[in-house]
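Reader: Hello! I would like a close look at a single part of this model, and then a walk outward from there to whatever surrounds it. Could you take me through it in one connected answer?

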Amino acid sequence: MFKELLLHWDKTSNHRTMPWKGIKDPYKIWISEIILQQTRVEQGTIYYHKLIEKYPSVFDLANADEQELFSIWQGLGYYSRCRNLHETAKSIVSNFNGIFPNKHEVIITLKGIGDYTAAAIASFAYNLPFAVVDGNVVRVLSRIFMINENYHTNKGKKYFLEFSNNLLDETQPAKYNQAIMDFGATICKPQNPLCNDCPFVDMCKSFEFNKIGEFPIKKDKIIHKKRHFHFFVIEDKQHIYITLRTEKDIWQTLHTFYLVESDSEIISFNKKEFNLRPSSEIAPQIFNQTLSHQKITGYFYFFPSNLFSTTFLKKLQKINKKSISQYAFPRIIISFFEKNNYL
Ligand code: SF4
C-alpha cells in the first residue's frame, strides 16, 4: 500500500527537478550525493556544475591539483568530504581501473561513502535493491508510522535502515528511493507539511493523532566545544603570510594565517617562537564560525612583517594579496578577507 501510493504520487504529482535526477552515471551520482550530504540542493547545484565541468571524469578528479580542488569546494564547508572525494577518485583509478564499482558491498568500502551514499549509488546507477535513508526519509516514515526511534543513535539508524528496506519496491528501487526523498522535500516538509495534498493522509498516524510536530524524534542537543584562535595577519606591502594546516584537526590541508590557540580571548605575544612585543593597544577584529561540534572565535591581529625575525617568517608562505583566491581557506578567514576588501 505504501509503495503503491508513493509511486502513484511520483508519477502524477512529483515535479521536483535536479540536474542529477534520473542519470545513471555513478561518478556524477557520487559527486552529487557527497555535495548534498550537508548542503541544500540550491547551493549544491552550483557546486555540482562547477565540479563536473572542471573534472568530467573520475580520472580528471584523481589527477586534480589538491589546492585547486579545495578552492572550487570553498564555501561548502566540511572539507573532509572534499578530501575523501579526492582520495576515493585516486583509489577508483588505481584499484578499479577507473571504473566505478557496481556492487553495494564494494561501494560501501570506499572512503567517505556510508550507508546512505552507497544505497543511493547502488540504486540510482545500477538499480540494486538498497533503500536510502536520509533526513527526508526518516521524517516521512516516522510521521506516517509514528516511529519512536531516534535516528541519531546506532539503534535508531539500524531500525530505520531495516524498516526502509522492508518497504522498498525491489523491482524499481531507483524510482522508489528518489520518490520518497522528493516527497519528504516537497510535501512532508520539516515545517508546515502539506497534509492536504498528501496521498498518505488517511494512513498517517501522526496526522490522525495530531502529533506531527513530535516526529521525527529530535536529536539530543549538540554540545559545541569553544575554541579561541588568534590569527596573525602579517603584511608586507602587497604580500601576506599564510600557512598550510597539516595537523589532524579541523581545516586540515586548508591555508590559514599563522595562528595561536588559547583557552580564552587572552593571548601572550611574547612567546619565544615569534618573540613579538606589540603595544597593549592592539585590538583584534573578531569573527565567528560554528562547525558541527565546535564554535570558533577568531581574533585577527594586523602586524607588519618587520616585527618578526627572518627565521620565523621563513616557516610561512609569502603570497601576493592578488593571488589569495587561488588558495583554499576556512570560512572564517574568507569572512575576514571579504570584510577587509582583500577579495
Ligand atoms: S499527512 Fe502530513 S505529516 Fe503525514 S505524511 Fe502526509 S504530509 Fe507528512
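Author: Happy to. One term is needed before we start: a residue counts as buried when its relative accessible area is under 20%, and as exposed when that value is over 50%. Please keep in mind that this is a predicted model, so every value below is computed from predicted coordinates.

The part to look at closely is helix 6. Which of its residues are buried? They are Y79, R81, C82, R83, N84, L85, H86, T88, A89 and I92. You will notice that the list holds arginines, R81 and R83, beside residues such as L85 and I92. The partners that these buried residues pack against are helix 2 (26-36), helix 4 (58-62) and helix 5 (66-73).

How does the length of helix 6 compare with what its residue count predicts? The helix runs over residues 79-96, which is 18 residues, and at 1.5 Å a residue it should span 26 Å. The expected span is 1.5 Å times one less than the number of residues. The C-alpha atoms at its ends are 25 Å apart, so the two values agree. Right after the helix comes N97, with a positive phi near 55°.

Two other residues have positive phi without being glycine. N192, in the loop between helix 11 and helix 12, has phi near 45°, and its relative accessibility of 62% makes it count as exposed. K237, in the loop between strand 1 and strand 2 (239-244), has phi near 50° and counts as exposed at 73%. For backbone geometry, look also at the bond from F215 to P216, which is cis with omega near -5°; P216 belongs to the loop between helix 12 and strand 1 (225-236).

From helix 6 we can step to helix 2, one of its packing partners, and on to the aromatic residues. The whole structure holds 34 aromatic pairs. One of them joins W20 and Y48, edge-to-face, with 5.1 Å from centre to centre and 70° between the planes. W20 sits in the loop between helix 1 (2-13) and helix 2, while Y48 is in helix 3 (residues 41-54), so to speak a link between distant parts of the chain, 28 residues apart. W20 and Y48 are both buried. Another pair is F329 with F337: their ring centres are 5.1 Å apart and their planes lie at 80°, which makes this pair edge-to-face because the angle is over 60 degrees. F329 and F337 are buried as well, and they belong to one aromatic cluster whose members include F229, W251, F287 and Y342. Rings also meet charges here: K50 lies over the face of Y47, 4.5 Å from the ring centre, and the charged end of K157 sits over the ring of Y151, 5.1 Å from its centre.

Helix 2 brings us to the largest pocket too, since helix 2, helix 3, helix 8 (115-126), helix 9 (135-144), helix 10 (154-167) and helix 11 (173-186) each supply at least two residues of its lining. The volume of this pocket is about 1,700 Å³. Its lining has 48 residues, and L36, Q37, D134, G135 and N136 lie nearest the centre.

Helix 9 deserves a stop of its own. Nine of its 10 residues are buried, so the helix is largely enclosed by the rest of the structure. Among the buried ones are N136, V140, L141 and I144. Helix 1, helix 10, helix 11 and helix 12 are included in what covers them.

A search of the whole structure finds one cavity of 30 Å³ or more, and the largest cavity has a volume of about 120 Å³. It is lined by 14 residues, with C188, P193, C195, C198 and C204 closest to its centre. Helix 9 and helix 12 (205-208) are the elements that give two or more residues to this lining.

Helix 1 also holds L6, which counts as buried at 0% relative accessibility. Leaving aside residues up to four places away in sequence, L6 touches Y176, A179, I180, F183 and F200. L6 and A179 are 173 residues apart in sequence, yet 6.9 Å apart from C-alpha to C-alpha.

Technical notes. Residues numbered from 1 in each chain as written. Predicted model: local features only at pLDDT ≥ 70, side-chain atom pairs only at ≥ 80, totals over all residues. Heavy atoms only, no water. Helix = DSSP H or I, 4+ residues; strand = E, 2+ residues; numbered from the N terminus. Buried < 20%, exposed > 50% of the residue type's maximum accessible area, 1.4 Å probe, protein only. Contact = heavy atoms within 4.5 Å. Phe/Tyr/Trp six-rings, centres within 6.5 Å; stacked < 30°, edge-to-face > 60°. Lys NZ or Arg CZ within 6 Å of the ring centre and 35° of its normal. 1 Å grid on protein atoms, 1.4 Å probe; cavity = no way out; pocket = protein on both sides within 12 Å on 5 of 7 lines; lining within 4 Å. Points joined across faces, edges and corners; volume = space filled by probe spheres on them.
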